[in-house]
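Hi,

Here is the structure I promised to pass on. Have a look at it first, and then read my notes below.

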Amino acid sequence: VLSGPGRLAGVSNGDPTSHEWLKSDSVATWGGLARGFVQVTLDCTSAGRAALAVIDVDAARAPTRVVADASACGTAPIVVAARVQGLGEATLSIGVSVDTAKDGVVAVAAASGSNGFAYLANFIG
């Protein structure tokens with residue numbers, strides 16, 4: 001993670017026989033695939049976070065900092081870089097939002113299901 005409120009939580013390549021450590025910062029590709037898992041480091045939207053910010057005695061040691069006031073949170077993107085030997089580097093910018101009504105899990109799922117697409121629409125069986 002180059003910048004923004006995120007950290008690398010782990011990596012994987014999808015190989016079911018791999019014994020590589022998932023919390024590493026690198027992984028051998030399998031079938032040309034490698035994945036990085038990014039975790040946010042600021043919680044500005046969870047319900048009850050104001051109470052959690054007061055009672056969490058280990059907050060300073062946690063990988064995610066709870067912010068009681070969402071207006072104190074920025075929306076700078078999380079910028080991630082990936083490097084492959086012989087291919088160079090690629091960067092990815094992950095958007096950050098504090099608007100749960102528009103960008104929260106439920107809102108995104110509802111919007112995704114409203115386009116008429118259904119996995120089982122043509123299922124015969």
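Starting from the outside, the protein exposes about 9400 Å², and carbon and sulfur atoms supply 58% of that. Keep in mind that this is a predicted model.

On the overall layout: there are 3 helices and 6 strands, and reading along the sequence you get β-β-β-α-β-β-β-α-α. Of the 125 residues in the protein, 16% are buried. If you take the contacts with a separation of 6 or more, 44% of them are between residues 24 or more positions apart.

Now the disulfide. The structure holds 1, and it joins C44 to C73, with an S to S distance of 1.8 Å. The torsion about the S-S bond of C44 and C73 is about -85°, so this disulfide is left-handed. The pair ties together distant parts of the chain, 29 residues apart: C44 sits in the loop between β3 and α1 (49-55), while C73 is in the loop between β4 (65-66) and β5 (78-84). Are the two cysteines buried or exposed? C44 has a relative accessibility of 8%, so it counts as buried. C73 has a relative accessible area of 11%, which puts it under the 20% cut-off, so C73 is buried too.

D43 deserves a look while you are in that region. This aspartate lies in strand β3 (residues 42-43). Is D43 buried or exposed? Its relative accessible area is 15%, and because buried means under 20%, D43 is classed as buried. What does its side chain reach? The side chain of D43 comes to 3.2 Å from the backbone nitrogen of T45. Setting aside residues up to four places away in sequence, D43 also touches R49, T64, R65, V66 and V67.

Next, the charged pairs. Side chains of opposite charge can pair when their charged atoms come close. How many salt bridges does the structure hold? There are 2. One is between R83 and E89, where the closest N and O atoms are 2.8 Å apart. R83 is exposed, with a relative accessible area of 61%, whereas E89, at 46% relative accessibility, counts as partly exposed. Another salt bridge links D103 and K102, with the closest N and O atoms 3.8 Å apart. Here K102 is exposed, with a relative accessible area of 58%, and D103 is partly exposed at 36% relative accessibility.

There is also a nonpolar patch on the surface. Which residues make it? V1, L8 and V38 do, and the patch covers about 190 Å². V38 is found in strand β2 (residues 35-40). At 32% relative accessibility, V38 falls between the cut-offs of 20% and 50%, so this valine counts as partly exposed.

Finally, two residues in the loop between β1 and β2. L22 is found there, with β1 covering residues 6-12, and D25 is in that loop as well. L22 has a relative accessibility of 51%, and since exposed means over 50%, L22 counts as exposed. D25 is exposed too, at 67% relative accessibility.

Both have contacts elsewhere in the chain. Leaving aside neighbours within four places in sequence, L22 is in contact with A9, G10, V11 and S12. The C-alpha atoms of L22 and G10 are separated by 5.2 Å, with their positions 12 residues apart along the chain. For D25, again not counting residues up to four places away in sequence, the residues touched are L8 and V11. The C-alpha atoms of D25 and A9, 16 residues apart along the chain, are separated by 8.6 Å. L8 comes up twice in these notes, as one of the residues of the nonpolar patch and as a contact of D25.

If you only have a minute, I would open the model at the C44 to C73 disulfide and then move to D43 and its contact with T45. After that, go on to the R83 and E89 salt bridge.

Cheers

Terms used: Residues are numbered from 1 along each chain as its sequence is written. This is a predicted model: local features need pLDDT of at least 70, side-chain atom pairs count only at pLDDT 80 or more; totals for chains, interfaces and linings use all residues. Side-chain values use heavy atoms; hydrogens and water are left out. Helices (H or I, at least four residues) and strands (E, at least two) are DSSP runs, numbered from the N terminus. Buried means under 20% relative accessible area, exposed over 50%, partly exposed in between (1.4 Å probe, protein chains only). A polar contact is a pair of N or O atoms within 3.5 Å; within protein, one must be able to donate a hydrogen and the other to accept it, and residues adjacent in sequence count only if both atoms are side-chain atoms. Contact means heavy atoms within 4.5 Å. A disulfide is a pair of cysteine sulfur atoms within 2.5 Å. Patches are made of residues with over 30% relative accessible area and no salt bridge: like charges are joined within 9 Å, nonpolar side chains (Val, Leu, Ile, Met, Phe, Trp, Tyr) within 5 Å. Accessible areas come from the Shrake-Rupley method with a 1.4 Å probe; for residues, only the protein chains shown count as cover. A salt bridge is a side-chain nitrogen of Lys or Arg within 4 Å of a carboxyl oxygen of Asp or Glu.
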